[in-house]
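Dear colleague,

I am passing on the structure below, with some notes on one helix and one sheet that I hope will be useful when you open it.

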Protein chains: 2
Amino acid sequence: MTAYRQLETHYQEISVIDEAASILNWDYAVMLPNGASENRAEHLALLAKLSHERRQDARVGDWLAEAEGKLDAADEEEAFWQRANLREIERSYRQATAIPADLVEAKSKAMTRCETRWRQARADADFSSVLPELTEVWNLTRQEAEILSEASGLSLYDALLDLYEPDGRAADIDALFEDYSAFLPDFLEAVLSKQSAQGAFQAPSGPFSIQDQRALGERVMGVLGFNFENGRLDVSTHPFCGGTPADVRMTTRYDEADFTSALMGVIHETGHGLYEQGLPLTWRKQPVGKARGMVMHESQSLFMEMQVGRSPAFLSYLRPMLTEAFGGSGEAWSLENLKRLYSKVERSLIRVEADEVTYPAHVILRYRLERAVLAGDLALADLPGAWNQGMQEALGVQPPHDGLGCLQDIHWYMGAIGYFPTYSLGAMAAAQLAEAARAAVPDFDDLLAQGDLAPVLEWLRRAVHGKASSLSTQDILREATGKPLCAAAFKAHLQSRYLGG
Amino acid sequence: MTAYRQLETHYQEISVIDEAASILNWDYAVMLPNGASENRAEHLALLAKLSHERRQDARVGDWLAEAEGKLDAADEEEAFWQRANLREIERSYRQATAIPADLVEAKSKAMTRCETRWRQARADADFSSVLPELTEVWNLTRQEAEILSEASGLSLYDALLDLYEPDGRAADIDALFEDYSAFLPDFLEAVLSKQSAQGAFQAPSGPFSIQDQRALGERVMGVLGFNFENGRLDVSTHPFCGGTPADVRMTTRYDEADFTSALMGVIHETGHGLYEQGLPLTWRKQPVGKARGMVMHESQSLFMEMQVGRSPAFLSYLRPMLTEAFGGSGEAWSLENLKRLYSKVERSLIRVEADEVTYPAHVILRYRLERAVLAGDLALADLPGAWNQGMQEALGVQPPHDGLGCLQDIHWYMGAIGYFPTYSLGAMAAAQLAEAARAAVPDFDDLLAQGDLAPVLEWLRRAVHGKASSLSTQDILREATGKPLCAAAFKAHLQSRYLGG
């Protein structure tokens, strides 16, 4: 076997281990009896160990050296993918070998301690009670960043960002976020006055049975192109999209008093699921065949939620499905009301409940704070004050307590630093892709209004899903939209949806 | 670390791998989207490979030699378990190393081919169409038996039997089955005349919603002592009990026209589940801490189904639960009718639908035929004729075609030879254990009539579950009942239930 084929065989096995862990993680969130979490943790820890051992196997380094310039390809197309695969394998090997095992273990333990303490601290709105554990997690994450930075030549922050968004760079993010920050204040003011003049939407009144909501959600998933031969929809406390490309496990949660958020949540997760189902069959078990990174993944969920799901055209298609599913009638079920309901903007405290206009402000604040802490410019003890001041400046609201402030998100308490910006970069990428899709697919909005998503999905399959990790995020966007990621399409989308018409 | 502790650490890892596979197997049967079976087969094949590699690791042999007589125990109790653990590790190592990898792979492929062909052959009632594949599976299984026999000194049949029922011996089985075969004809005749004189039972008329059946099943599981903190009940085509001791995954299937078989099926699987949940916490990850074998496992499911579930005492407790669950009233819901319904005996063709009186006849026929084939006394091509003749002699019925004859069970077509007898040995063990429990637990039947299973479960925990594999099946029975396995208690149970009262 050539060195290249040795690498493929090795990474095939790693993928199978990771896939098994992914299904067991889904089961953990969806099926696990209360008393079995320690038992499941044993399974997941062992699979993580087996995967990590293989990722850092010294033979990978030898095979990489030997495969350098010696591919095993039948044609130029295959050679292109093999080269990209070697690049992704090298990234994986560099990251896996950089961090010493004792640091991995120390961080894993610190994270578990911190997460447990954070849950209580959030409930008590008591930041100081979790500060020692948070400090430990940050110290270990900083050590990790220093080692990764050393190995890659990236800055501390970029070295962490690279774990979630390969080739992502803070310098690019700075420019995009400054652009949006300059745009937001006047725009938000204008949107709020317009919506205030229009008056409030009417909430359709329930109850909406879980059975009906589930049937509706699955019907809409089908309309969007989700393949139920290779996936399913279930229930978990925190909705997510997991499983494997051949077996996509989506979840949602239902509120019998309000169907609207589960429905849009299902559409959001369907975007993630379609990406996974659209990854190239031949390469799925290789690093090059995985989804590109968090930005591209979030761009796909937000494409479906924000560019398709909440669009007036698609809402006009959904409306009769809704009234049929729930037997609704009257003004609350009018298209006009549904549009208002699904485009309500407000200055609010909680990121996960924020609308698409203010959401980036939540993210930008977190991005600035985590960069300041990592740079040593902000002490963790001063986080609550900086948070509250930042919220005041960005959105004019102040959390009444830290439970609704800097304790609301789990990310930092799990050592996930460099993750937050990917949400808003994903929103921008979604808008930029939708702009290109609209230009490439004739009668885009008419198709949405007819519930005919096939041509749009076909475009996404070619432009994004089928590319997997063969190109960088920026190159995928360049090929699909003619430019690197910028905020222009996102701003234009917001102008049109919230101030146009 | 001492050699003994090395072994413990090694087998702990094997257990965790096997547990992960067990959950993924459950998911395969219960949750898997249609298009994902190949994907799941990859996960299961890799985990099987990782487990097998560890089982046959040459270091196990070294550690076993080194640990010989050098335990690492704090007291005599621990030393007892460690000695038993070494014995089970040795059995596992002997079996894992005996069979060459190419035979394992050849058999696995032959089994897959044969199973696929068998499904079609059964549907077509065409034995000859699967005969070539069946011959291949038998030839490979015979090779396996020869190697195992060589390694262990056991006969060919005993070497295979040992895979399902450690220390099980055909000589013992012969005696038990001859005993039962002599008993059955007159007894069956007497039962059938009695039941015929009584007239038929009335089937309660449905429909019985799946939701109501599920709620009832879970309620009954709770009564029997199933701990839902460490297990759950779901639906699959073929009911089974899988998962792990900390996370028991039971399944059933519902028929909206007839609640009776799902209910008793749930009670049966609960017996399996209680055994798993009752395995000793400290030893669960070691070979000595697993369930003893198929005989003991089946004894636990049949204890719950036959000795508890279908007993007049427990049926009297169930009756008001049933009428409450389904709103039933009238003669069909009388205790007398339920007793008849749940003790109906008939000469029938299909093992899995047979009553407890005739079930052993189905098993004994299969046992005799598989022994004859393995001994070279019966050609596989002559199986259908021998089957039909055997059914005629044992139960006076003849399959109209092989689909209802020698094609009905998957076992032989999967190379599971030596498995069938464990069903009926389990039934005998269940009766023998129930006899002992009745003597040990005061007011046994009154407790059943009150739905107070705690004292009975407590007894099973001590007598069976808590022993795990620290003793042989025969020694567990000797300690619990004062004698080795025999047919007497089973025959007495049948006399009492079907001809007594």
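Which residue follows helix 12 of chain A, and what is the sign of its phi? Helix 12 of chain A is followed by A:Gly327, whose phi is positive, near 60°. Please bear in mind that this is a predicted model, in which local features need pLDDT of at least 70 and side-chain atom pairs count only at pLDDT 80 or more, while totals for chains, interfaces and linings use all residues. Residues are numbered from 1 along each chain as its sequence is written, and chains are lettered from A and ligands numbered from 1 in the order in which they are written.

Helix 12 covers residues 312-326 of chain A, where helices (H or I, at least four residues) and strands (E, at least two) are DSSP runs numbered from the N terminus. Its 15 residues reach 20 Å from the first C-alpha to the last, close to the 21 Å expected at 1.5 Å a residue (that is, 1.5 Å times one less than the number of residues). At A:Leu318, shortly before the proline A:Pro320, helix 12 has a kink of about 30°, the bend being the angle between axes fitted to the seven residues ending there and the seven starting there.

The sheet in chain A is open, with three strands in the order 1-3-2 and mixed pairing; two strands pair if DSSP finds at least two bridges between them. Strand 1 (231-235) and strand 2 (241-244) of chain A stand at the edges, each with a single partner strand, so one side of each has no neighbour in the sheet. Strand 1 pairs with strand 3 (residues 247-252) of chain A in the parallel sense, over five bridges.

With best wishes
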